[in-house]
Structures are given as C-alpha cells and as structure tokens.
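Here are my notes for you, set out as numbered points. Please keep the viewer open while you read, since each point is meant to be followed on the model.

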Amino acid sequence: MPSNTHTELTAFLAQLGADAATINDVIAVAEPLDLPTRHILLHQGQTQTHCYFLLNGLCHACYLTEQGKQFSKEFYWDQDVIIGFESLINDAPSAYLLETLSASQLIMLPIALFQQWRQQQHPLYQTLLERQLLHKEHKERFMLMHTPKQRLQLFSEHFPELVGRITDYQLASYLGITSISLSRIKKRLISDEINPKN
C-alpha cells in the first residue's frame with residue numbers, strides 16, 4: 001500500500017481513538033482502489049462485502065425505483081467513511097446503489113472486519129456507529145425544520161465544494177424537492193441578490 005494512503009488512513013483511525021493494534025489490523029486487510037467516474041461500487045440489492053474509506057473524489061448513494069426515478073441518499077467526499085450499517089446489522093442486501101461521481105481513490109475494507117467488531121462490541125465500531133447516528137440526526141433536523149429555500153442555502157453554505165460537483169437533479173433529490181422547484185428557488189435567490197429587500 002502506498003505510504004500516503006497508509007498515513008491518511010492511520011491518521012483518520014487515530015483521530016477516532018483507535019489503538020495501535022486496531023490500526024494494524026485495519027492496515028493488514030486494506031486494499032487501495034483507483035476508480036473512474038460513474039463506477040458502481042455496490043448495486044442496489046447486492047450483498048455488501050466491503051466498506052470504504054474515501055481518500056479523495058466524490059461518491060453518491062441513491063435509491064432507484066422501478067419507475068426509473070433516483071433519490072439521493074448521501075454524498076461522500078474526501079476523508080469520508082462509507083459503511084452500510086443497515087445491511088451490516090441485518091445481514092441483508094444493500095437497499096441502495098453506491099457509485100463514484102468523479103475519479104476517486106478509496107481504500108477497501110472487508111465487511112467481515114466490521115461484523116467481527118460488532119460482535120466484540122469493539123470501541124471503534126461504536127465510534128463509527130455513533131458518528132453515523134449523529135449525521136442522521138442532523139440530516140433529519142435539516143429536512144424537517146427548514147424550508148426548501150433554507151435547505152439550499154444551508155447546503156451551499158456548509159458544502160460549497162459539493163455544489164459545483166453534483167447535478168441539479170442530484171441536489172434536488174437530496175434536498176427533497178423536484179428539479180423544477182430547485183430551479184425556481186435558485187432564480188428567486190439570484191433575484192433577491194440583485195434586488196435586495198430593504
């Protein structure tokens with residue numbers, strides 16, 4: 001494994017409180033991946049065999065309907081962990097599709113390692129689970145407590161690096177609105193900037 005990959009993963013795990021033995025266990029089974037844009041890592045309905053640490057790039061998880069519609073679940077970018085906890089806990093196929101939206105460098109880790117940590121009630125598993133839970137709580141509040149216009153503004157403020165890297169369709173889906181509604185909101189915001197209210 002390249003030294004820079006080793007260093008970034010080690011630093012991330014240490015930041016989460018992992019001890020040296022745990023870090024060594026992870027490094028021993030880690031496999032680097034260099035993937036092109038629009039590469040599918042996991043099909044909806046497929047059994048999850050690996051989790052991922054995203055070194056750099058952009059990934060997208062989404063739900064696909066029988067009617068061909070796509071609903072954005074989550075975006076992942078530099079220094080993100082991608083773990084399907086629902087599939088892991090229930091030992092079930094993935095409910096969503098996972099793909100790259102840009103050329104991406106990842107580290108692939110076997111799901112068996114996380115299953116072992118879960119059985120052992122390993123501190124690192126607990127930390128990763130709590131991290132995911134907090135994110136879900138924040139997103140739930142984001143969706144319930146704000147108007148579509150506020151959601152767009154908050155998303156743009158907190159994730160400016162993402163706005164130019166995803167399509168309007170993906171952004172609208174993530175915000176829980178239609179592409180038409182997103183277009184109207186953008187036009188309204190531009191109008192407000194040009195003609196600010198006193």
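**Notes on the pockets, strands and helices**

1. Let me begin with the second largest pocket: α8 contributes three residues, the largest share of its lining. Helix α8 covers residues 168-175, and both α8 and β5 supply at least two residues of that lining. Please bear in mind throughout that this is a predicted model.

2. How big is the second largest pocket, and what lines it? Its volume is about 170 Å³. The lining consists of Lys 69, Gln 70, Phe 71, Tyr 169, Ala 172, Ser 173, Gly 176, Ile 177, Thr 178 and Ser 179. Sorted by class, that gives four nonpolar, five polar and one charged residues.

3. One residue to click on here is Ser 173, which sits in helix α8. Is Ser 173 buried or exposed? Ser 173 has a relative accessible area of 14%, and because buried means under 20%, Ser 173 counts as buried. Leaving aside residues up to four places away in sequence, Ser 173 touches Gln 70, Phe 71 and Ser 72. Gln 70 and Phe 71 are also among the residues that line the second largest pocket.

4. Now for the largest pocket, with a volume of about 590 Å³. It is lined by 25 residues, and those closest to its centre are Glu 74, His 135, His 138, Phe 159 and Tyr 174. Two or more lining residues come from each of β5 (70-77), β6, α5 (123-145) and α6 (148-158). Which element gives the most? That is α5, with nine residues. If you plan to look at the chemistry of the lining, the classes are 13 nonpolar, five polar and seven charged residues.

5. Strand β5 lines both pockets, so to speak of its neighbours, turn to β4 (residues 58-64). β4 and β5 are antiparallel partners joined by seven bridges, and Cys 62 has Ser 72 as its bridge partner in β5. The hairpin of β4 and β5 has five residues between the strands, and there Gly 68 takes a positive phi near 90°.

6. β4 has another antiparallel partner in strand β7 (residues 97-100), with four bridges between them. Cys 62 turns up again here, with Leu 97 as its bridge partner in β7. Five of the seven residues of β4 are buried, so the strand is largely enclosed by the rest of the structure.

7. Strand β3 (residues 50-56) is also largely enclosed by the rest of the structure, because five of its seven residues are buried. What does β3 pair with? It runs antiparallel to strand β8 (residues 104-110), with six bridges, and antiparallel to strand β6 (residues 80-82), with three bridges. Two pairs to look up are His 50 with Pro 110 in β8 and Phe 53 with Val 81 in β6.

8. Helix α4 (residues 111-120) holds Phe 114, which is buried with a relative accessible area of 4%. What does Phe 114 touch, apart from residues up to four places away in sequence? The contacts are Cys 51, Ile 83, Leu 88, Leu 109, Tyr 125 and Leu 128. For a distance check, the C-alpha atoms of Phe 114 and Glu 8 are separated by 19 Å, and the two residues are 106 residues apart along the chain.

9. Helix α2 (residues 20-29) is a good one to view down its axis. Its buried residues are Thr 22, Ile 23, Val 26 and Ile 27. They cover an arc of only 135° around the axis, which means they lie on the same side of α2. An α-helix has 3.6 residues a turn, so residues three or four places apart point the same way. On the other side of α2, Ala 20, Asn 24 and Ala 28 are exposed.

10. Finally, some overall figures for your records. The protein has 198 residues, 40% of which count as buried, and it contains nine helices and eight strands. Its C-alpha trace spans about 60 × 40 × 30 Å along the principal axes. Of the contacts with a separation of 6 or more, 71% are between residues 24 or more positions apart.

Conventions:
Residues are numbered from 1 along each chain as its sequence is written. This is a predicted model: local features need pLDDT of at least 70, side-chain atom pairs count only at pLDDT 80 or more; totals for chains, interfaces and linings use all residues. Side-chain values use heavy atoms; hydrogens and water are left out. Buried means under 20% relative accessible area, exposed over 50%, partly exposed in between (1.4 Å probe, protein chains only). Two strands pair if DSSP finds at least two bridges between them. On a 1 Å grid over the protein atoms alone, a cavity is a set of points where a 1.4 Å probe fits but cannot get out, and a pocket is an open set with protein on both sides within 12 Å along at least five of seven lines; lining residues have an atom within 4 Å of a point. Grid points are joined across faces, edges and corners, and a volume is the space filled by probe spheres set on the points. Ala, Val, Leu, Ile, Met, Phe, Trp, Tyr, Cys and Pro count as nonpolar, Asp, Glu, Lys and Arg as charged, and the others, Gly among them, as polar. The arc is that of the directions from the helix axis to the C-beta atoms. Contact means heavy atoms within 4.5 Å.
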